[in-house]
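Q: I have a structure open on my bench computer and would like to talk through the terms used for it. Could you take me through them one at a time?

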Amino acid sequence: MNEDNKQKREEILKALNWRYATKVFDTSKKVSDEDIHTILESARLSPSSNGVEMWKFIIVENAEIRAKLQAVGYDQSKITEASHLIVIAYRTDAIENLSKERIERVAKIQNQNIDELASYRTSLDNAVAKKVQNGTLEAWIKAQAYIPLGIMVETASLLNIDNGPMEGFQPDKVDEILNLKNENLKSVTMLALGYRGEDAFSKKPKVRRTFDEVVKFVK
């Protein structure tokens with residue numbers, strides 16, 4: 001078991017040291033459907049606060065739409081050149097649907113009667129109400145979207161698939177292009193996936209603070 005864990009540790013750190021925020025993608029190379037499915041499944045399986053899963057992953061395949069997104073994404077070439085582009089959005093209908101959907105999902109998957117989950121629903125409703133009252137509901141839901149982003153980045157890296165997360169775009173324009181408002185969604189970040197091209201950044205040493213600078217043990 002220890003040897004298995006050692007190998008896994010080495011694989012994880014090797015993959016994360018190998019990855020970088022890819023700027024230039026090889027347009028001739030495509031990520032396989034199987035690998036994309038695995039990356040998206042890793043996102044679907046991501047944890048979320050109270051299990052709310054208030055997110056949506058939009059894979060933009062249409063070349064014309066991707067060109068429009070590049071125009072409102074400060075002309076980042078990876079938006080159109082990467083094999084795949086994923087827009088991560090968060091839902092805006094939490095007040096109406098968060099508790100109801102979560103309870104129904106738990107009841108169905110764990111084979112429970114909804115009436116048995118009444119106290120759980122009350123707890124969720126109270127949590128939402130409190131965040132509405134103090135004005136933090138949207139920030140809370142928006143923050144959840146970064147959890148699957150991180151997990152997709154790691155999964156892709158473990159599969160030797162290059163990746164470039166992005167916040168450099170105009171969210172309102174992206175929402176308009178993808179008609180997200182009608183789906184009660186707002187874009188928060190994007191992820192380009194593919195294989196690196198002739199990118200000078202790939203040859204530069206990774207710049208990170210040291211372990212001791214970012215880690216503190218409280219004993």
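A: Happily, starting with the second largest pocket: in this predicted model, its lining divides into 2 nonpolar, 1 polar and 3 charged residues.

Q: How do you know which residues of that lining count as charged, polar or nonpolar?
A: The second largest pocket is lined by Leu13, Leu16, Asn17, Arg19, Lys206 and Arg208. Leu counts as nonpolar, and Lys and Arg count as charged, so Leu13 and Leu16 go in the nonpolar class and Arg19, Lys206 and Arg208 in the charged class. Asn is in neither of those lists, so Asn17 is the polar one. The volume of this pocket is about 210 Å³.

Q: What makes up the lining of the largest pocket, by class?
A: That lining has 6 nonpolar, 2 polar and 5 charged residues. The pocket has a volume of about 260 Å³. Of its 13 lining residues, Tyr20, Ala21, Phe201, Pro205 and Lys206 are the closest to the centre. Lys206 also belongs to the lining of the second largest pocket.

Q: Why are H1 and H8 called roughly perpendicular?
A: The axes of helix H1 (residues 2-18) and helix H8 (residues 146-158) cross at roughly 100°. Angles of 65 to 115 degrees count as roughly perpendicular, and therefore H1 and H8 get that label. Their axes come within 8 Å.

Q: How do you know which residues of H1 and H8 meet?
A: Contact means heavy atoms within 4.5 Å. On the H1 side, Glu11, Ile12, Ala15, Leu16 and Trp18 take part, and they meet Glu154, Ser157 and Leu158 of H8. By class, this contact has 5 nonpolar, 1 polar and 2 charged residues. Leu16 turns up in the lining of the second largest pocket as well.

Q: What makes H7 and H8 roughly parallel or antiparallel?
A: The axes of H7 and H8 cross at roughly 10°. Angles under 35 degrees count as roughly parallel, so H7 is roughly parallel to H8. The two axes come within 4 Å.

Q: Which residues form the contact between H7 and H8?
A: From H7 come Lys142, Ala143 and Gln144, which meet Tyr146, Ile147 and Pro148 in H8. By class, that contact has 4 nonpolar, 1 polar and 1 charged residues.

Q: Why are E1 and E3 called edge strands?
A: The open sheet has 4 strands in the order E1-E2-E4-E3, with antiparallel pairing. Strand E1 (55-59) and strand E3 (162-166) each pair on one side only, and that puts them at the edges. On average, neighbouring strands of this sheet are turned by 25° against each other, direction ignored.

Q: How do you know that E3 and E4 pair?
A: Two strands pair if there are at least two bridges between them. E3 and strand E4 (residues 185-194) have 5 bridges, in the antiparallel sense, so they count as a pair. One of the bridge partnerships joins Met166 to Met190 in E4.

Q: What makes you say that H2 packs on the sheet?
A: Helix H2 (residues 33-44) touches E1, strand E2 (84-91) and E4. Its direction makes about 165° with that of E1, and angles over 145 degrees count as roughly antiparallel, so H2 runs roughly antiparallel to E1. Helix H7 (residues 137-144) lies across E1, E2 and E4, running at about 150° to E2.

Methods: Residues numbered from 1 in each chain as written. Predicted model: local features only at pLDDT ≥ 70, side-chain atom pairs only at ≥ 80, totals over all residues. Heavy atoms only, no water. Axes fitted to C-alpha atoms, helices over the stretch in contact; angles between N-to-C directions. Helix = DSSP H or I, 4+ residues; strand = E, 2+ residues; numbered from the N terminus. 1 Å grid on protein atoms, 1.4 Å probe; cavity = no way out; pocket = protein on both sides within 12 Å on 5 of 7 lines; lining within 4 Å. Points joined across faces, edges and corners; volume = space filled by probe spheres on them.
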